[in-house]
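Biologist: I am new to this protein and would like to be taken through a few of its features, one question at a time. Could you show me the model before we begin?

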Amino acid sequence: IHGGGQDLIFPHHENEIAQSEAFTGKRPFVRYWLHNGLLRLGEEKMSKSLGNLVTIKDAVAQFGADAIRLFVLSSYYRSPLTYTDEALESAQKGAQRLAAALEGFAGEPASQEGDPYRERFIKAMDDDFNTAAAVAVLFDLAREINRIRSSGGDPTPQKATLKQLAGVLGLRLDAAERSDSLAAKPFVDLLVQVRAELRAAKQFQLADRIRDGLSELGVILEDTPQGTTWKQKR
């Protein structure tokens with residue numbers, strides 16, 4: 001199995017095949033190629049050479065690790081993916097919904113033979129790693145858990161399945177992902193908006209007080225031509 005970006009198919013990977021097969025005498029050099037779509041920021045691919053980067057560290061600090069995983073996994077890996085704050089915020093809310101469905105679960109992940117959700121999940125993953133369809137199964141299962149819980153039933157078996165299937169995709173869905181910092185995000189966004197309005201009204205002293213107060217709470221503001229972004233201190 002060999003992976004790489006679609007931009008490497010020609011000439012890089014074709015040259016790699018020629019060189020490796022000529023050197024080893026073994027054909028084929030690779031049986032399965034997994035060429036992923038490019039991650040874009042705006043209209044251009046995200047790359048170090050272009051200088052249009054959002055680091056994993058910054059993205060995780062702002063949205064949480066499970067949100068980053070859901071953002072990537074909710075798209076077919078061969079398709080291009082565009083990074084936006086809106087897309088990450090949606091993924092963050094999705095991760096929180098899945099984590100909420102597991103609230104109170106303290107058991108071990110368990111495989112339920114014949115479980116329809118598990119069978120759908122495996123079918124999706126067997127279909128060229130169709131993680132988008134697999135993620136859809138997780139949300140269907142979370143809705144089923146909420147339905148059982150609201151009707152007074154015990155969804156523990158379903159929670160065990162959700163925990164197991166989410167783990168296959170690397171999703172932790174634990175309490176750490178639902179930290180106070182994530183819960184406070186709407187309030188930080190509101191303060192950032194108020195600060196922007198104060199700056200527009202030339203009330204710079206009050207705007208600076210908001211910036212300094214957030215800094216003391218571990219929130220760093222970054223002013224850019226496109227607006228103000230924020231991230232947590234590490």
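The conversation below takes up strands, helices and some backbone details.

Modeller: This is a predicted model, in which local features need pLDDT of at least 70 and side-chain atom pairs count only at pLDDT 80 or more, while totals for chains, interfaces and linings use all residues. Residues are numbered from 1 along each chain as its sequence is written, and side-chain values use heavy atoms, with hydrogens and water left out.

Biologist: In which sense do strands β1 and β2 pair?

Modeller: Strands here are DSSP runs of E with at least two residues, and helices are runs of H or I with at least four, numbered from the N terminus. Two strands pair if DSSP finds at least two bridges between them. Histidine 2 stands opposite tryptophan 33 in β2, and β1 (residues 2–5) and β2 (residues 33–36) share four bridges, in a sense that is parallel.

Biologist: Which hand does the crossover from β1 to β2 have?

Modeller: The chain leaves β1 and passes through helix α1 (residues 9–24) before it reaches β2. A crossover is right-handed if, with the strands pointing away from the viewer, the path from the first strand over the helix to the second runs clockwise. This β-α-β crossover is right-handed.

Biologist: At what angle do helices α5 and α7 pack, and what is that arrangement called?

Modeller: Axes are lines fitted to C-alpha atoms, for helices over the stretch in contact, and angles run from 0 to 180 degrees between N-to-C directions. Helix α5 (residues 116–126) and helix α7 (residues 156–168) have axes 10 Å apart and an angle of about 10°. Because angles under 35 degrees count as roughly parallel, over 145 as roughly antiparallel, 65 to 115 as roughly perpendicular and the rest as oblique, α5 and α7 are roughly parallel.

Biologist: Which residues of α5 and α7 make the contact?

Modeller: Contact means heavy atoms within 4.5 Å. From α7 come Gln164, Leu165 and Val168, and from α5 come Tyr117, Arg118 and Phe121.

Biologist: Which peptide bond ending at proline 11 is cis?

Modeller: Most peptide bonds are trans. Proline 11 is found in helix α1. With omega about 5°, the cis bond is the one that joins phenylalanine 10 and proline 11.

Biologist: Is lysine 202 buried or exposed?

Modeller: Lysine 202 is found in the loop between α9 (185–200) and α10 (204–216), and its phi is positive, near 60°. Buried means under 20% relative accessible area, exposed over 50%, and partly exposed in between, with a 1.4 Å probe and protein chains only. At 63%, lysine 202 is exposed.
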